[in-house]
Number of protein chains: 2
Amino acid sequence: MPNGPNPFAKTRRDHADETAEDYVEAIADIEVASGTCRVKDLSERMQVSHVTVTRILNRLSDAGLVAREPYGPVGLTPRGLEMAAASRTRHETVVSFLERIGVSNATAEHDAEGMEHHASKETLEAMRRHLRQPEDDANLG
Amino acid sequence: MPNGPNPFAKTRRDHADETAEDYVEAIADIEVASGTCRVKDLSERMQVSHVTVTRILNRLSDAGLVAREPYGPVGLTPRGLEMAAASRTRHETVVSFLERIGVSNATAEHDAEGMEHHASKETLEAMRRHLRQPEDDANLG
DNA sequence: AATAATTTGTAGCAATGGCTACATTCTGTA
DNA sequence: TACAGAATGTAGCCATTGCTACAAATTATT
Ligand SMILES: [Mn+2]
Ligand SMILES: [Mn+2]
Ligand SMILES: [Mn+2]
Ligand SMILES: [Mn+2]
């Protein structure tokens, strides 16, 4: 029963994990790009107020994903790093797959940001299988 | 700017529409299957309490999507019918597409229930384009 | 060093969607 | 018709994620 008994229940579970996945991924991204990640960086990236970011970071800190002291930079715990890596991999898979079927990069990035959290292992494997295949260029017509 | 400026903002907008889309789709489904739709039917379908269903139906009624009187059956307004039809079409597209790339029907139904709300027009068109192509049966090995 | 600007934190509000417990209404059956 | 059971409604709780307004801390500038 990897999927749970009900599609709607599964979707709700996916949504419950979504914030953590996106935030740790963003933190890792920003650290790579800017050296350190600040609350401000996240509020700009997510397009929400710094208040929302702070509250979410507190929860992720309680959950053992984020390491942080007041007014300090935002870091990831080992578990946060793990989750960030997995999230980034999954994100890239979904974006690449959408592009492969002919979606523009901008739209792929937009749609993947939501779709990624609902793609099960089986679906991700199917996407990767397709990415491994040579480009079809199926409809040249 | 069909996508809005930010992937996370778009995802939040998608989520804001999600409940309405799934409920009107479910109501239409249940009406076809059972003749009428009751609160009970929805609470079983969605796997939530009847209280949650009632509150959501009140909101959808205020929004002009659902027609309803206390203790009566749950119906759709013309606008609700429209949305239900569009949602069902989109749902079917995503399920069929996932199956086409090799995902089992059960998993396709589960993943599509969440993914569908994040698939833009462009992505849906790409999926339908692929569905129109002959089965590749690409990797027979 | 003093001051200004930026950043972060906190208080408190709203909307949404979960829930249990209890009240009411409806329905079917005795 | 009376009653029992099922369905629906209401009250009120919690968690999450948005927000503005204001307070405190930090950083930059003079
Ligand atoms: Mn995302
Ligand atoms: Mn979603
Ligand atoms: Mn659906
Ligand atoms: Mn859905």
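The following exchange introduces a predicted model of two protein chains with bound manganese ions.

Colleague: How many helices and strands does chain A have, and in which order do the elements run?
Modeller: The C-alpha atoms of chain A fill a box of roughly 60 × 40 × 25 Å along the principal axes. Within chain A there are six helices and two strands, and from the N terminus on the order is α-α-α-β-β-α-α-α.

Colleague: How much area do chain A and chain B bury between them?
Modeller: The contact draws 44 residues from chain A and 44 residues from chain B. On the side of chain A, the residues that lose the most area to chain B are Phe8(A), Ile101(A) and His110(A), which together make up 18% of what that side buries. Carbon and sulfur atoms carry 56% of the area buried between the two chains, and the total comes to about 3700 Å².

Colleague: Which elements of chain A give two or more residues to the side that touches chain B?
Modeller: Across this interface, 20 residue pairs are found in polar contact. By class, the side of chain A that touches chain B holds 15 nonpolar, 17 polar and 12 charged residues. The elements that give two or more residues to that side are helix H1 (7–34), helix H2 (39–46), helix H4 (78–100), helix H5 (105–115) and helix H6 (121–132) of chain A.

Colleague: How many salt bridges does the rule find across the interface of chain A and chain B?
Modeller: Over all chains the count is 12 salt bridges. In one that joins the chains, Lys10(B) meets Asp111(A), with N to O at 3.0 Å. Asp111(B) likewise forms a salt bridge with Lys10(A), the closest N and O atoms being 3.0 Å apart, and this pair runs from helix H5 of chain B to helix H1 of chain A. Across the interface, the number found is two.

Colleague: Which residues of chain B coordinate the manganese ion (ligand 3)?
Modeller: Along the sequence, the donor residues of the manganese ion (ligand 3) follow the spacing E-x87-E-x2-E. Their OE atoms lie at 2.3 to 2.5 Å, and the residues are Glu25(B), Glu113(B) and Glu116(B).

Colleague: Why is the site of the manganese ion (ligand 4) classed as octahedral or irregular?
Modeller: The protein donors of the manganese ion (ligand 4) come from Asp22(B), Glu113(B), Glu116(B) and His117(B), at 2.0 to 2.6 Å, and along the chain they follow the spacing D-x90-E-x2-E-H. Six donors count as octahedral if opposite donors are over 155 degrees apart and all others between 65 and 115. Because the angles among the six donor atoms here range from 51 to 176°, and 51° falls outside those limits, the site is irregular.

Colleague: Which residue bridges the manganese ion (ligand 4) and the manganese ion (ligand 3)?
Modeller: These two manganese ions, ligand 3 and ligand 4, are 3.4 Å apart. Among the donors of ligand 4 are an O and an OE atom of one glutamate of chain B, and the residue that coordinates both ions is Glu113(B).

Notes
Residues numbered from 1 in each chain as written. Chains lettered and ligands numbered in written order. Predicted model: local features only at pLDDT ≥ 70, side-chain atom pairs only at ≥ 80, totals over all residues. Heavy atoms only, no water. Contact = heavy atoms within 4.5 Å. Buried area = accessible area lost by both parts, 1.4 Å probe. Salt bridge = Lys/Arg side-chain N within 4 Å of Asp/Glu carboxyl O. Polar contact = N/O pair within 3.5 Å; in protein donor to acceptor, adjacent residues only side chain to side chain. Helix = DSSP H or I, 4+ residues; strand = E, 2+ residues; numbered from the N terminus. Nonpolar A, V, L, I, M, F, W, Y, C, P; charged D, E, K, R; others polar. Donors = N, O, S within 2.8 Å, 3.2 Å for Na, K, Ca; no water. Tetrahedral: all angles 85-135°; square planar, octahedral: opposite > 155°, others 65-115°.
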